[in-house]
Amino acid sequence: MPMPAAFHEIAKRVNNWGRWGAEDEIGTLNLVTDAVVRSAAATVTTGRRIPLAVPLQHDGVQTGLIPGRINPLHTMIGVNVELFGAGTVATSDDVVTMGLQAGTHWDALAHVSHSGVLYNGRPADSVSPHGRAAFGGIGTVRHLVTRGVLLDVARAHGVPALPGDHAVTPEDLEAAEELGGVRVRAGDVALVRTGQMRRYLEGDRQGYAFPSPGLSIRTPEWFHARDVAAVANDTLTFEIVPPEIEDLWLPVHALDLVEMGMPQGQNWNLEELAAACAQEGRYAFLLSATPEPFTGGTGAPVAPVAVL
């Protein structure tokens, strides 16, 4: 179905086209300034490091719900090969075929279009089979280190995981801020925990995929008002599925990536981080989350680390 009038009204309110110039390809990541990074570094008090990526493996998070986005196919192409003759140093090598958004990843701004356009009004056909993403590809993100803030919506609701029909609202995000004694500010990366990842970790791959809690169509305005640099969560599809508005699929993707120019992350494992933040009573930290620099990629794997 075409985007409804309500969608276009929100789009006008969150639109960032031209804010950082007509040639800009990184959108809200411009908000991660040197001052923001210095402030983020000051949050480190213990040096405790917490990985946030799921393992890249053949029985990973992909279930076929998204056609062609396959889990990693990992093949050995050489095992203890003595390249320079018998008795010399031996090497082992391997190759991987996978969807760039198969595991823990960032969506590039070129990942989504609507009404024939990408972020900053660029034509959607600038993404092509052979040229890949000519504008707004993931390779334009050269570094992403900033303050991360965990918004533990599940804990704020007093549950291990939100039910599959829960659309995370701005009110939920503010309740999570209150729980954590923190306020999301300009240049932050917001990590929204629904608890959905627990289903995958417990072996329920299908239950992890669908149905799933996720962000409401109302949240982009909240992130826009706070000047958030990027948002990631612990679900397969980022926004709630099935969608809030019947037959309107991925409107949050369109608002975040196309209108706002704000990168999204999915399949982040926030369970250990949630436990650590609750234990230490603080929900802000230094976050290192630079995507792999695939030229022209519409997304890329990332192995983020939170440093407390």
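**View 1. Lining of the second largest cavity in the predicted model.** In this predicted model, the second largest cavity is bordered by L215, I217, E239, I240, P243, E244, I245, L248, L250, P251 and V252. The space inside this cavity amounts to about 60 Å³. Sorted by class, its lining consists of 9 nonpolar and 2 charged residues, with no polar residue among them.

**View 2. The largest cavity and the residues around its centre.** The structure contains 3 cavities of 30 Å³ or more, and the largest of them has a volume of about 90 Å³. Its lining is made up of 15 residues, and those lying nearest the centre are L29, D107, I138, V141 and P263. By class, this lining includes 10 nonpolar, 3 polar and 2 charged residues.

**View 3. The largest nonpolar core and a second, separate one.** Nonpolar side chains tend to be buried together in soluble globular proteins. Here the largest nonpolar core has 65 residues, and W106, L191, F223, W268 and L273 are those with the most contacts inside it. Helix 8, which spans residues 251-260, supplies the largest share of this core, namely 6 residues. Not counting residues up to four places away in sequence, L191 touches L52, V149, L150, L151, A232, W268, L270, L273, F285 and L287. A second core, separate from this one, has 7 residues, including V54, Y200, Y208 and A209.

**View 4. R193, a buried arginine in strand 9.** R193 belongs to strand 9, which covers residues 189-193, and R193 counts as buried because its relative accessible area is 5%, below the 20% limit for that class. The side chain of R193 reaches the backbone oxygen of P160 at 3.0 Å. Apart from its neighbours within four places in sequence, R193 is in contact with twelve named partners, among them D152, R155, P160, R198, D234 and E271. The C-alpha atoms of R193 and R226, which are 33 residues apart along the chain, are separated by 18 Å.

**View 5. R147, a buried arginine in strand 7.** R147 is placed in strand 7, residues 145-152, and with a relative accessible area of 6% R147 is buried. The side chain of R147 reaches the backbone oxygen of R183 at 2.9 Å. Leaving aside neighbours within four places in sequence, the contacts of R147 include A40, T43, V182, R183, D188, A284 and F285.

**View 6. Helix 9 and the glycine just after it.** Helix 9 runs over residues 271-280, and its buried residues are E271, L273, A274, A276 and C277. Just after helix 9, G281 takes a positive phi of about 70°.

**View 7. Two cis peptide bonds that lead into prolines.** The bond from F210 to P211 is cis, with omega near -10°, and P211 lies in the loop between helix 6 (205-209) and strand 10 (214-215). The bond from V241 to P242 is also cis, with omega near -5°, and P242 is found in the loop between strand 11 (230-233) and helix 8.

**View 8. Positive phi at F238 and N267.** F238 is not a glycine, although its phi is positive, at about 75°, and F238 sits in the loop between strand 11 and helix 8. With 0% relative accessibility, F238 counts as buried. N267, likewise not a glycine, has a positive phi of about 60° and is found in the loop between strand 12 (264-266) and helix 9. N267 is buried, with a relative accessible area of 0%.

Technical notes: Residues numbered from 1 in each chain as written. Predicted model: local features only at pLDDT ≥ 70, side-chain atom pairs only at ≥ 80, totals over all residues. Heavy atoms only, no water. 1 Å grid on protein atoms, 1.4 Å probe; cavity = no way out; pocket = protein on both sides within 12 Å on 5 of 7 lines; lining within 4 Å. Points joined across faces, edges and corners; volume = space filled by probe spheres on them. Nonpolar A, V, L, I, M, F, W, Y, C, P; charged D, E, K, R; others polar. Core = buried A, V, L, I, M, F, W, Y, C linked by side-chain atoms within 4.5 Å. Buried < 20%, exposed > 50% of the residue type's maximum accessible area, 1.4 Å probe, protein only. Helix = DSSP H or I, 4+ residues; strand = E, 2+ residues; numbered from the N terminus. Contact = heavy atoms within 4.5 Å. Polar contact = N/O pair within 3.5 Å; in protein donor to acceptor, adjacent residues only side chain to side chain.
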